[in-house]
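I set out to record the fold of one chain, the contacts between chains, and the buried cores. My entries follow the order in which I looked things up.

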Amino acid sequence: MPHSVDEENLEKLESVDQKVRDAVSLIRQQADFFSHQGSVQESWRSYKGRRLGPYYRLVFRTVGQQRSIYLGSDQDGASLVRETLQLVQQEPRRQKSISECRKAVRSELKRTRRQLQDQLAAVGLRIQGAEIRGWYSARPQTDVIEAMG
Amino acid sequence: MDTKTNHAAGPAAIRPYWMPEGVDFDGLPSDLRAGILTLVNPAYEELVLRTKPGLEQSTGVTIVQLLWLEVLEMFEIGRDFLHTDSSPDSRQERDAKVSRLLRVVAAKGKASAFWIRLQDFRERHGVLPGGYDPIQREFAGAE
């Protein structure tokens with residue numbers, strides 16, 4: 001029995017939904033792998049002078065080769081796959097941003113410490129261990145004269 | 001002054017103008033951003049913006065940077081307690097982070113003590129060390 005147009009479309013949509021479900025399932029199962037790579041990309045086709053699309057694909061690299069899973073043209077399905085990817089990629093990104101932040105603070109701190117050491121030296125103070133020494137000789141000139149009697 | 005706003009994760013927050021360019025402020029978790037803005041920003045205003053360039057300001061910058069580091073370490077530790085298991089490896093890692101936090105807190109304590117000593121010095125002598133520079137150097141050289 002021939003399919004009506006609607007039935008054919010429904011069948012195709014179900015097939016695409018299945019692809020989206022498979023892609024989501026694959027990302028969740030291989031979370032470690034997808035935590036560092038993978039993206040949903042869109043492409044366009046032309047047919048008889050008409051531009052069709054966008055069509056979505058889950059793109060990733062494995063064993064040095066570019067691989068892709070076709071997701072169809074359903075924007076909601078593509079969004080679902082994108083969100084799933086974002087979830088598994090969020091944690092390493094969060095760790096990376098915190099790690100970069102810590103690195104930047106430590107670097108700034110080193111720079112400030114060098115500056116502070118120079119400024120301490122300029123007024124006769126010095127860092128000795130974890131303490132600042134030389135307070136007595138850093139007294140203002142008038143105090144020194146008074147102390148000398 | 002950089003006033004980028006966040007669109008990546010969580011509610012929008014204005015990037016602090018004192019934050020170095022290399023830091024992806026918008027990429028930080030929203031609760032960490034809130035912590036930085038709530039705790040570090042006021043300290044920056046008080047210890048850096050309200051002081052004159054020189055020893056006092058550099059000490060203020062040091063305290064602010066250590067406070068910033070402390071917030072980062074505390075955030076990581078707090079998160080670990082919620083999300084990691086109780087295996088020996090995880091525990092060891094947590095202990096190392098706690099030790100790192102304590103070192104940062106101790107360094108901040110020393111920098112703060114120096115800041116207070118500077119204020120005390122100014123109260124006693126009317127100037128900060130260095131306010132007498134050329135003549136004092138002569139005296140120091142004569143001793």
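**Entry 1: a long helix in chain B.** I noted at the outset that this is a predicted model. I began with helix α3 of chain B, which covers residues 88–125 and has 38 residues. From its first C-alpha to its last I read 55 Å, close to the 56 Å expected at 1.5 Å a residue. I then asked which residues of α3(B) are buried. I found Val104(B), Ala111(B), Phe114(B) and Phe121(B). Gly126(B) follows the helix, and I recorded its phi as positive, near 85°.

**Entry 2: chain A overall.** I listed 4 helices and 5 strands in chain A. Along the sequence I read them in the pattern α-α-β-β-β-α-β-β-α. Of the 149 residues in chain A, 21% are buried. I also looked up the contacts in chain A between residues at least 6 apart in sequence, and 38% of them join residues at least 24 apart.

**Entry 3: a hairpin in chain A.** I turned to strands β2 (residues 50–62) and β3 (residues 65–72) of chain A, which run antiparallel and are joined by 7 bridges. Opposite Val59(A) I located Ser68(A) in β3(A). The hairpin has 2 residues between the strands, and there I noted a positive phi near 50° at Val63(A).

**Entry 4: where the chains touch.** I found 31 residues of chain B in contact with 30 residues of chain A. On the chain B side, α2 (55–83), α3 and α4 (133–142) each supply at least two residues. Which helix gives the most to this side of chain B? I identified α2(B), with 10 residues. By class, I recorded 16 nonpolar, 11 polar and 4 charged residues on the side of chain B that touches chain A.

**Entry 5: the nonpolar cores.** I kept in mind that nonpolar side chains tend to be buried together in soluble globular proteins. The largest nonpolar core here has 30 residues, and I found that Val64(B) and Trp68(B) touch the most other members. I saw that α3 (75–122) of chain A, together with α1 (30–49), α2 and α3 of chain B, each supply at least two residues of this core. The largest share, 9 residues, comes from α2(B). Leaving aside neighbours within four places in sequence, I listed Val105(A), Ile36(B) and Val40(B) as the contacts of Trp68(B). I closed with a second, separate core of 12 residues, which includes Val20(A), Phe60(A), Val81(A) and Leu85(A).

Definitions and conventions
Residues are numbered from 1 along each chain as its sequence is written. Chains are lettered from A and ligands numbered from 1 in the order in which they are written. This is a predicted model: local features need pLDDT of at least 70, side-chain atom pairs count only at pLDDT 80 or more; totals for chains, interfaces and linings use all residues. Two strands pair if DSSP finds at least two bridges between them. The expected span of a helix is 1.5 Å times one less than its number of residues. A residue is buried if 20 or more other C-beta atoms lie within 10 Å of its own, exposed if 12 or fewer, and partly exposed in between; C-beta atoms are placed from the backbone. Two residues are in contact if their C-beta atoms, placed from the backbone, lie within 7 Å. Ala, Val, Leu, Ile, Met, Phe, Trp, Tyr, Cys and Pro count as nonpolar, Asp, Glu, Lys and Arg as charged, and the others, Gly among them, as polar. A nonpolar core is a set of buried Ala, Val, Leu, Ile, Met, Phe, Trp, Tyr and Cys residues joined through C-beta atoms within 7 Å.
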